[in-house]
Amino acid sequence: VAAFSATVAAEAENAPEARIWPAPERTRLVVETEKRLDYSVFSLANPPRVVLDVKNPGKTPVRMDDSQMQNAPPYLSAFRHARFDSETARFVFELKEEASHRAVYLSPVAGYGWRLVLDIEPQNAPDPLLALIRQLEEKEAAQRPFLVVIDPGHGGEDPGAVSPNKKHEKKIVLAIAKKLRRELNSQSGIRALLTRDGDRFLKLERRVQIAHRLGADAFVSLHADSVASPKARGSSVFVLSQKGASSSLARRLAKRANLSDLVGGETAAASDPVASAALRQISRDGKERGSRDLAELILRRLGKINDLHSERIESAGFAVLKSPSIPSVLVETAFISNPDEEKKLLSQDFQKQMAAAIGAAIGEYKERHHVARP
């Protein structure tokens, strides 16, 4: 009996795990398995459905938390999953309108196994960037406000750093980002927008393009990373380095952050050549000076509410800081791997303090550098 129980427990532990990320512009289903499995994707009618069958997924049911589908986007009417037969796990999306679908297998990376990714996109998918532009246009004053794009790191399939208590970086930085948005929008002449305001994944290049397309005056990316040692603590502020990282920690953090596209389950797609060329061609001289000025102000303010991991500005090749001519900084709010700082990061009071400190620094930067544009 004991041997049988152990076998069942092992099978359950190794059972495929499925995760789902619904959004207005795209719903993503990810099925993670120990090895690459055969699968098929097809459509059915009356009602219209997209069906994914995964072959030989093991004897145990697929592990899945589909509670996020309580907030299903308008083009989906229902979602269900079950074992179809002894060798097949089936996932079914019922559609309210026409939608396209595509599936691809991603190779193991960053602790993930093989991942089968199914994307479902409605025919008339909304453009999140266009929605941000309309938000900006609707609330502009006579003179264009100082626009800050806040980028909560990670999201969706990419949780970012995970604490020993299984708390996710992506959720913590989104909470801080929303508080920072509120703080900045309360200041005269400043308007703040988020690259993501929900639990969804964005490619690194897309985050940069959002700031570029909106014509942002400042870009702030928020993170809460981890390292092997639970003793590492303190806040840090980073700017882009074209020549190499300022420290071994900066190099490790940038390398991990730049893996986000692969960790996030992003399927291969061609870059926008026009946007990419624009990012390369615009002079960075003024942007680099502005980035350091903004980083200095933020670092000084953070030192009043938390320990500083480094009392100097750090630099590394963070892909998300490659915005064209836009002062861009990355803030490591605290180490989620440190038990004391994890408690801080989960605290509403500390999140508010963090938002207030960064917001005050941005306000000071705006007063020093911003010339209102019509």
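## Strand E13 and its neighbours

E13 and strand E14 (residues 314-316) run parallel to each other and are joined by 3 bridges. Strands here, like helices, are DSSP runs numbered from the N terminus, with at least two residues of type E for a strand and at least four of type H or I for a helix. Two strands are said to pair if DSSP finds at least two bridges between them. In that E13–E14 pairing, leucine 240 sits opposite alanine 316 of E14. E13 also pairs with strand E15 (residues 328-332), this time in the antiparallel sense, again over 3 bridges. There, phenylalanine 238 has leucine 330 of E15 as its bridge partner.

How much of strand E13 (residues 236-240) is buried? The count is 5 of the 5 residues, so the strand is largely enclosed by the rest of the structure. Buried means under 20% relative accessible area, exposed means over 50%, and partly exposed is what lies in between (1.4 Å probe, protein chains only).

## The model as a whole

A word on the ground rules: this is a predicted model, in which local features need pLDDT of at least 70 and side-chain atom pairs count only at pLDDT 80 or more, while totals for chains, interfaces and linings use all residues. Residues are numbered from 1 along each chain as its sequence is written, and side-chain values use heavy atoms, with hydrogens and water left out.

The protein has 10 helices and 15 strands. Of its 374 residues, 51% count as buried. Take the contacts (heavy atoms within 4.5 Å) between residues at least 6 apart in sequence, and 76% of them join residues at least 24 apart. The accessible surface comes to about 17,700 Å², and 50% of that belongs to carbon and sulfur atoms; areas come from the Shrake-Rupley method with a 1.4 Å probe, and for residues only the protein chains shown count as cover.

## A mixed sheet

Now for an open sheet: 5 strands in the order E5-E1-E2-E9-E8, with mixed pairing. E5 and E8 are the edge strands, each pairing on one side only. E1 and E5 run parallel and are joined by 2 bridges, and glutamate 17 has arginine 63 in E5 as its bridge partner.

## The largest pocket

The largest pocket has a volume of about 760 Å³. On a 1 Å grid over the protein atoms alone, a pocket is an open set of points with protein on both sides within 12 Å along at least five of seven lines, whereas a cavity is a set where a 1.4 Å probe fits but cannot get out; lining residues have an atom within 4 Å of a point. Points are joined across faces, edges and corners, and a volume is the space filled by probe spheres set on them.

Which residues are the closest to the centre of the largest pocket? Of the 28 that line it, they are Glu17, Arg19, Pro159, His168 and Lys170. Strand E1 (17-21), strand E5 (63-64) and helix H3 (169-185) are the elements giving two or more residues to the lining, and E1 gives the most, with 5. By class, this lining has 11 nonpolar, 6 polar and 11 charged residues. The nonpolar class is Ala, Val, Leu, Ile, Met, Phe, Trp, Tyr, Cys and Pro, the charged class is Asp, Glu, Lys and Arg, and the others, Gly among them, are polar.

## A cavity, and helix H4

There is 1 cavity of 30 Å³ or more, and about 70 Å³ of space lies in the largest cavity. Its lining consists of Asp151, Gly153, His154, Leu204, Arg207, His223, Ala257, Asn258, Ser260 and Val320. Helix H4 (204-214) and helix H5 (248-258) are the elements that give two or more residues to this lining. By class, that makes 3 nonpolar, 5 polar and 2 charged residues.

H4 has a run of buried residues to look at: Leu204, Arg207, Val208, Gln209, Ile210, Ala211 and Leu214. Just after H4, glycine 215 takes a positive phi of about 70°.

## Backbone oddities in loops

Histidine 154, one of the residues lining the largest cavity, has a positive phi of about 65° although it is not a glycine. Histidine 154 lies in the loop between strand E10 (146-152) and H3. Is histidine 154 buried or exposed? At 7% relative accessibility, it counts as buried.

Alanine 110 also has a positive phi, near 50°, but this residue is exposed, with a relative accessible area of 52%. Its loop runs between strand E8 (99-106) and strand E9 (114-122). Finally, the peptide bond from asparagine 46 to proline 47 is cis, with omega near 0°, and proline 47 is in the loop between strand E3 (39-44) and strand E4 (49-55).
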